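Work through the exercises below with the structure open. Each task is followed by a solution in steps.

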Amino acid sequence: MERIASEKRKERRRRISDLPEPLLLHILSFLPLKEAVATSLLSKRWRTLWRSLPKLEFDDRSFDSLKFFIQFVDAALHLAHLNSVQMFILDCRHSRLPPDKANIWINILVSHKLTHLELNSLLLVTLPSSIFICNTLRVLKLTMVKVSDLSGVNLPSLEVLRLRVAVVSNFELVRRLLSNCVRLQELELICIVRLVGHRRHSIVSHEHLWHNIARFEHLLSADVPFPANIRLMEAISNVQYLSLRAEDVAYRFDDIPTFPNVIHLQMNKSTNIDWTIVCMLRAFPKLQSLVIFQDERDSDLMEFSTPDVPSCVSSQLKEFALFEFRGSKLELEIVKYIMEHATVLRTVIVGSRSTYESESESESESESETKEKDFEMLKELSSYPRCSANCRLIYDVFRERAEETPPSTLRTLSPGAFAVKIQIRLRHCDRSSAWQSDFIVDSSALFF
């Protein structure tokens, strides 16, 4: 019996080994690189197969020490057939990798026909200028980098550009980079700064940077700081998916251009919601989904008279989400306003870490008292009239920030029904949907 079982195992291995090499490489590409390299021990057929992998992904979390991580990457790059490598991902956010080492590895790869480059670093890495003349690159995602030399830019194939926490010697480098990315479809600019002495200047404070920038005709999604220069906003106004990150509390929405194609808008504010956001929606005539993340800190809310109903609210808006909700009068008024005037609204999500809860109260309040307050807030929200008969209200209580704690307990209301306890997993949107939800029905469901 044991011999028969052994023969069957050998037969299965032979069947896998007989597959065409492109298919085997495709299978190997789904394995962590360490495991893919380990397959070289299976048989002679597998001994050098991993060296032709189209993707090399290195994550320092897979290694016990930085020394072993560096040795593994050095060896892999020495043995790999670099002409086969299309994607290079280097994630070293959990160890203090010497920046010059990352620089060497990147230089090795971009000298070949690389199409996808990702770098996530704990320490600031000065980028080699060779990255910006790699004419085969289609995806470039960089976190914790420094750009000091941009003598030439040749990125005719670039479709995705992400810069997160980037230090530049001058903002002209950013304008020059973007001006040469004519095929760009996705753009993300988060915390782009210039250091002058010990002072940090944000890209949003540079008024004359964007004057000569052309419109991105192929751009579909953008994540940019706000307020931004009017020229930059006009350049990205062709997008369908837009995320605005407020880096300046003294923001103004007066000069925002029209975004005729935006269907999903996410606001990441450094202050809290007020009527200016509702007024701003006039610039988004096709808006179907609006997601607002407020600041965790309390701040004075700006009082304005109730504005006229934007056309997108009355005829297009299907999903509305407000996170870091505190239960203030103005917040309630805006949620009520949306529910009363949105004729095709399907879902309203109100996310609160804990309604009415301050640090001092959280220490003295019992869990039952907190739940009672949350329940009262749910009843308040559920009492608002809904213009759309299909509108569903979800009130979600987070104990930490919504982005960082996806699984959370919530109560949901639908028209005619009251309080079903479920769990929801909120995931950040991609271009195909504003947000997605996985529902897991709790064992105890209450109906009233």
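The model is predicted.

**Exercise 1.** Find the residues that Val165 touches, leaving out those up to four places away in sequence, and decide whether Val165 is buried, partly exposed or exposed.

Solution.
- Contacts: Val165 touches Thr143, Met144, Val145, Ile190 and Cys191, with residues up to four places away in sequence not counted.
- Location: Val165 is part of strand 5, residues 160–168.
- Distance: the C-alpha atoms of Val165 and Ile192 are separated by 5.8 Å, although the two residues are 27 apart along the chain.
- Exposure: the relative accessible area of Val165 is 32%. Buried requires under 20% and exposed over 50%, so Val165 counts as partly exposed.

**Exercise 2.** Trace the chain from strand 1 to strand 2 and from strand 2 to strand 3, and give the handedness of each crossover.

Solution.
- Strand 2 covers residues 87–92, and because five of its six residues are buried, the rest of the structure largely encloses it.
- Strand 1 (residues 55–59) runs parallel to strand 2 and is joined to it by five bridges. Asp59 has Asp91 in strand 2 as its bridge partner.
- Between strand 1 and strand 2 the chain passes through helix 4, in a right-handed β-α-β crossover.
- Strand 3 (residues 116–126) is also parallel to strand 2, with six bridges joining the pair. Here Phe88 has Leu117 in strand 3 as its bridge partner.
- Helix 5 carries the chain from strand 2 to strand 3, and this β-α-β crossover is right-handed.

**Exercise 3.** Describe how helix 4 and helix 5 pack.

Solution.
- The axes of helix 4 (residues 66–79) and helix 5 (residues 99–110) are 11 Å apart, at an angle of about 15°.
- Angles under 35 degrees count as roughly parallel, so helix 4 is roughly parallel to helix 5.
- Their crossing is left-handed.
- Helix 4 contributes Phe69, Ile70, Val73, Asp74 and Leu77 to the contact, and helix 5 contributes Lys101, Trp105, Ile108 and Leu109.

**Exercise 4.** Which way do the residues of strand 12 point, and which residues stand opposite Ala321?

Solution.
- Glu319, Ala321 and Phe323 point one way, Phe320 and Leu322 the other, and all are buried.
- Strand 12 runs parallel to strand 11 (residues 289–293), with five bridges between them. Val291 is opposite Ala321 in this pair.
- Strand 13 (residues 347–352) is parallel to strand 12, through four bridges. Ala321 is opposite Ile349 there.
- Strand 12, helix 10 (residues 329–341) and strand 13 form a right-handed β-α-β unit.

Methods:
Residues are numbered from 1 along each chain as its sequence is written. This is a predicted model: local features need pLDDT of at least 70, side-chain atom pairs count only at pLDDT 80 or more; totals for chains, interfaces and linings use all residues. Side-chain values use heavy atoms; hydrogens and water are left out. Buried means under 20% relative accessible area, exposed over 50%, partly exposed in between (1.4 Å probe, protein chains only). Helices (H or I, at least four residues) and strands (E, at least two) are DSSP runs, numbered from the N terminus. Two strands pair if DSSP finds at least two bridges between them. A crossover is right-handed if, with the strands pointing away from the viewer, the path from the first strand over the helix to the second runs clockwise. Axes are lines fitted to C-alpha atoms, for helices over the stretch in contact, and angles run from 0 to 180 degrees between N-to-C directions. Angles under 35 degrees count as roughly parallel, over 145 as roughly antiparallel, 65 to 115 as roughly perpendicular and the rest as oblique. A crossing is left-handed if the near helix is turned anticlockwise from the far one by less than a right angle, and right-handed if clockwise. Contact means heavy atoms within 4.5 Å.
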